[in-house]
Amino acid sequence: MTTHRRRALRAYYTFRLVAPFVYTMWLTVATLYFASVVTSDPFRLATLAVMLEAATLLFEVPTGVFADSFSRKWSIVIGYLIWGGGYLLQALTPDYGIVLLSQAVWGLGFTFVSGAPEAWLVDELGQDEALPLLLRGSQIGQASTAVGIVVATVLGTINVALPIAVGGIATMLLALLLGVIMPENGFQPARREDTTPHALAATLKASLRELRHRAALRSLVFVGLIIGVSVGGYDALYAPHILRNYVMPLFEPVIWFGILFGCVTVLSIPVLELVRRWLQASRQRRTATILAWFAMGTVLSNLAFVWAEDFYLVATVYCLGQTLRTVTKPLFMAWINEHTPSAVRATVISMYWQSNALGQILAAPVWGALANLLSLRIALTGASLSLAPVARIYLSRRFKSAAPS
């Protein structure tokens with residue numbers, strides 16, 4: 001094993017071990033923090049999601065172009081510094097205006113990071129090695145997530161904002177660590193004389209050209225939009241649905257939310273391993289098929305979560321739906337990396353996240369208003385059903401084929 005490969009693997013495994021942990025510190029308590037401390041109004045909760053996605057929509061392509069034109073490594077470092085700052089700002093006070101601003105800050109940080117780690121990995125270790133490493137890294141991330149859930153739950157019983165603050169500090173420390181240990185030899189940045197707005201525009205034009213000539217890549221933009229429409233309502237409203245419509249036995253809500261996240265993590269690890277083995281042969285055809293089945297499974301699980309009356313059944317189907325979502329993400333990112341040229345990979349991934357953000361921005365206020373006017377269950381039902389069309393796209397000839405059209 002070469003020195004460069006050892007350094008790249010060490011950096012990648014460090015990233016996959018630490019990043020999910022610090023993100024989980026926020027994720028485990030954020031929805032509960034928003035719904036029980038910041039505001040209980042469904043429309044205002046949806047607006048928090050809109051602010052986050054508006055920052056994503058505004059900055060995804062510029063930051064993706066930055067990663068492709070300058071440095072994937074330093075895009076990740078800068079992103080995590082900003083990301084952690086957003087968490088800290090959010091934890092300072094439950095004031096709605098401050099929390100709204102913090103969503104925009106950490107959304108900006110997210111755009112610097114999204115797509116860059118996957119693009120960096122493919123550049124440093126090659127496409128053939130990157131796909132199994134992406135799935136293996138997700139398994140490591142799930143184990144790290146499990147630890148993060150336990151820590152966040154314990155800290156949350158003291159103060160529900162405490163895990164968010166600790167996660168913010170840890171995220172900034174991760175940025176500094178990656179700045180020291182992360183190599184970047186496989187990617188050749190633009191020459192100094194080319195690092196101008198013209199060079200950035202050239203990278204963006206190349207990305208648009210790939211989307212125009214590859215039907216499969218165009219499909220991912222529509223997938224991002226549809227997923228955004230669905231999760232924009234579901235993620236904003238599932239916590240108030242649980243808090244309002246069910247009595248949680250035995251434990252206080254912060255512990256139950258930790259249990260739910262922990263179950264999702266435990267279930268995701270073996271499912272990811274099964275997917276990794278299935279993809280060893282005929283992976284292009286199987287990837288699209290598996291994504292379609294996972295999408296429909298998510299829809300059915302979400303509907304059961306919305307309408308079930310028994311809390312334990314609600315908890316079970318929630319975990320099933322979230323497990324399928326968790327496993328879908330690395331599989332979908334691997335598909336994008338497999339079918340996108342290196343020079344524009346981070347930008348194309350950013351375009352996916354931008355379309356996802358647009359879907360959330362357009363739909364989240366609608367779902368929030370519908371929850372206020374009718375009910376949380378009606379709004380969540382609409383959000384769940386809106387995901388169904390992506391299964392048809394996954395199974396289409398254009399999505400399965402990477403050939404230019």
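Leucine 250 counts as exposed, because its relative accessibility is 73%, and in this predicted model the residue makes a convenient place to begin. Leucine 250 sits in the loop that lies between α9 (215-245) and α10 (253-278), and its backbone has a positive phi of about 75° although the residue is not a glycine. A second positive phi, of about 95°, is taken by glycine 126, which comes just after α5.

Helix α5 leads from the loops to the helices. This helix covers residues 116-125 and is mostly covered, since ten of its ten residues are buried, a list that includes Pro117, Trp120 and Leu121, but also Glu118, Asp123 and Glu124. One of the partners of α5 is helix α1 (residues 3-38), and the axes of these two helices come within 10 Å and cross at roughly 160°. An angle over 145 degrees counts as roughly antiparallel, so α1 is roughly antiparallel to α5. The crossing of the two is left-handed, and their contact is made by His4, Arg5, Ala8, Leu9, Ala11, Tyr12 and Phe15 on the α1 side, with Pro117, Trp120, Leu121, Glu124 and Leu125 on the α5 side. Sorted by character, the residues of this contact are nine nonpolar, one polar and two charged.

Phe15 of α1, named in that contact, also leads on to another helix. The structure holds 24 aromatic pairs, and in one of them phenylalanine 15 and tyrosine 80 are tilted against each other, with 6.2 Å from centre to centre and 55° between the planes. Because phenylalanine 15 lies in helix α1 and tyrosine 80 in helix α3, the pair ties together parts that are 65 residues apart in sequence. Phenylalanine 15 is buried, with a relative accessible area of 9%, and tyrosine 80 is buried as well, with a relative accessible area of 5%. Both belong to a cluster in which ring pairs link Phe15, Tyr23, Trp26, Tyr33, Phe34, Tyr80, Trp83, Tyr87, Trp106 and Phe110.

Tyrosine 80 has further neighbours beyond Phe15. Leaving aside residues up to four places away in sequence, tyrosine 80 touches Phe15, Ala19, Val113, Thr171, Met172, Leu174, Ala175 and Leu178. With alanine 175, which is 95 residues away along the chain, the separation of the C-alpha atoms is 5.3 Å.

The helix that holds tyrosine 80, α3 (residues 72-92), also meets helix α4 (residues 96-113), and the axes of the two come within 7 Å and cross at roughly 165°. α3 and α4 are therefore roughly antiparallel to each other, and α3 passes α4 in a left-handed crossing. Their contact includes, among others, Ile76, Gly79, Tyr80, Trp83 and Tyr87 of α3, together with Val105, Trp106, Phe110 and Val113 of α4. The residues of this contact divide into 16 nonpolar, eight polar and no charged.

The last stop is leucine 362, a residue of helix α13 (residues 345-373). At 55% relative accessibility leucine 362 counts as exposed, because the cut-off for exposed is over 50%. Between leucine 362 and valine 50 there are 8.3 Å in space, C-alpha to C-alpha, although the two are 312 residues apart in sequence.

How values were computed
Residues numbered from 1 in each chain as written. Predicted model: local features only at pLDDT ≥ 70, side-chain atom pairs only at ≥ 80, totals over all residues. Heavy atoms only, no water. Helix = DSSP H or I, 4+ residues; strand = E, 2+ residues; numbered from the N terminus. Buried < 20%, exposed > 50% of the residue type's maximum accessible area, 1.4 Å probe, protein only. Contact = heavy atoms within 4.5 Å. Axes fitted to C-alpha atoms, helices over the stretch in contact; angles between N-to-C directions. Parallel < 35°, antiparallel > 145°, perpendicular 65-115°, else oblique. Left-handed = near helix turned anticlockwise from the far one by under 90°. Nonpolar A, V, L, I, M, F, W, Y, C, P; charged D, E, K, R; others polar. Phe/Tyr/Trp six-rings, centres within 6.5 Å; stacked < 30°, edge-to-face > 60°.
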